[in-house]
Amino acid sequence: MNTLPINTIINGECVSEMKKLPDSCIDLIIADPPYNLSKGGEWKWDNSVELQGMGGNWNKVMQEWDNFTLESYMTFTKAWLTEAKRILKPTGSMWIFGTYHNMGVINVTCQMLGIEIINEVIWYKRNAFPNLAGRRLTASHETILWCNKGGKKREYFFDYEYSKDGDFSYDSLKSSGKQMRTVWDISNNKEKSELMYGKHPTQKPVRILKRMIKLASRENDIILTPFSGSGSECVAAKMTGRNFIGIELDNSYCEIARIRLAHIEENEDQLGQLSLNLYQGGIAK
Ligand SMILES: C[S@@+](CC[C@H](N)C(=O)[O-])C[C@H]1O[C@@H](n2cnc3c(N)ncnc32)[C@H](O)[C@@H]1O
């Protein structure tokens, strides 16, 4: 492949699609993989499904893409992380979302593949839905790993100034001018604009994605999201002046993502210029 499919949502399977990309071509990966929560039960949009040993107030969706045996989940995790590591630049890094249901597998697989975990972030959701059954604590956080490709040198980009001095006034745990810590207080509520073209059952708020992008990439960088769903990561990338590549199995989600992206005005001119800067024989970066 001569050029990267930048600023595109690809309707496809992420391992196969990542295999088509050259080594070390991506600046930042944001992965929001299946959490493997859909173990039996009926498909529901609400929080009323109880799972054996996997309960809590997760926004569960009984969908084919989220239903693995443990063994097949491990195999799948190894396959996509292997490709993610290969396509990541040495200067790049990767954010991975998860919960206790799948984060153990992801953490161990990263270690097996020599992917270095830089930080584990706790995303505290202060507006978490109460536990209706009253049989366990109210689940009110997700885990996010920030990783680099591994190797002797740590070349990944980190915008330390932004992490200290950025505007995080919405986060009660972040003191202005102080180092950012690993617990982030960010509401899971979405803006009207994030939901007006369609919804995804596990849609991430753009606000947290913008934070991740600004911490770990520069303007004009290329951000790949292997499980792009309704395109939140790509929307956040476009809003912050980065390029994106989204990969998603389900074409109906791809369509939502494309419509969302078409309605973002910010940085449009800049993105047009970026596309021109990618030369035909390789990657001009
Ligand atoms: C947790 S959701 C991502 C939601 C996304 N962050 C958003 O805000 O809309 C995971 C998505 O990955 C997709 N998916 C599952 N397996 C996949 C695979 N092997 N390749 C590409 N997409 C996949 C699912 O269809 C689902 O939309």
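On helix α2, E71 and T75 are exposed, and they sit on the other side of the helix from its buried residues. This is a predicted model, so please read every value below as computed from predicted coordinates. From α2 we can move on to the ligand site, then to a buried aspartate in strand β2, and finally to the protein as a whole.

**Helix α2**

- The helix covers residues 70-87, and its 18 residues should span 26 Å at 1.5 Å a residue. The C-alpha atoms at its two ends are 26 Å apart, which agrees with that expectation.
- Which residues of α2 are buried? They are Y73, F76, T77, W80, L81, E83, A84 and I87.
- Looking down the axis of α2, you will find these buried residues within an arc of 160 degrees, so they line one face of the helix.
- As background, an α-helix has 3.6 residues a turn, so residues three or four places apart point the same way.
- What do the buried residues of α2 pack against? Their partners are two helices, α1 (14-19) and α3 (103-113), together with the strands β2 (26-31), β3 (88-98) and β7 (222-225).

**The ligand and its surroundings**

- There are 22 residues around the ligand, and D32, H200, S230, S232 and E248 come nearest.
- The side chain of D32 has an N or O atom 2.6 Å from a nitrogen atom of the ligand.
- For E248, an N or O atom in the side chain is 2.5 Å from an oxygen atom of the ligand.
- The backbone takes part as well: a polar backbone atom of C14 is 2.9 Å from a nitrogen atom of the ligand.
- Taken alone, the ligand exposes 610 Å², and the protein buries 98% of that.

**D27 in strand β2**

- Is D27, a residue of strand β2, buried or exposed? Its relative accessibility is 7%, below the 20% cut-off, so D27 counts as buried.
- The side chain of D27 makes a polar contact with the side chain of K89, at 2.9 Å.
- A polar atom of the D27 side chain also lies 2.8 Å from the backbone nitrogen of I222.

**The protein as a whole**

- The protein has nine helices and eight strands.
- Of its 285 residues, 50% are buried.
- Taking contacts between residues at least 6 apart in sequence, 72% join residues at least 24 apart.
- The accessible surface of the protein is about 13700 Å², and carbon and sulfur atoms account for 50% of it.

Notes
Residues are numbered from 1 along each chain as its sequence is written. This is a predicted model: local features need pLDDT of at least 70, side-chain atom pairs count only at pLDDT 80 or more; totals for chains, interfaces and linings use all residues. Side-chain values use heavy atoms; hydrogens and water are left out. Helices (H or I, at least four residues) and strands (E, at least two) are DSSP runs, numbered from the N terminus. The expected span of a helix is 1.5 Å times one less than its number of residues. Buried means under 20% relative accessible area, exposed over 50%, partly exposed in between (1.4 Å probe, protein chains only). The arc is that of the directions from the helix axis to the C-beta atoms. Contact means heavy atoms within 4.5 Å. A residue is near a molecule or strand if one of its heavy atoms lies within 4 Å of it. A polar contact is a pair of N or O atoms within 3.5 Å; within protein, one must be able to donate a hydrogen and the other to accept it, and residues adjacent in sequence count only if both atoms are side-chain atoms. Accessible areas come from the Shrake-Rupley method with a 1.4 Å probe; for residues, only the protein chains shown count as cover.
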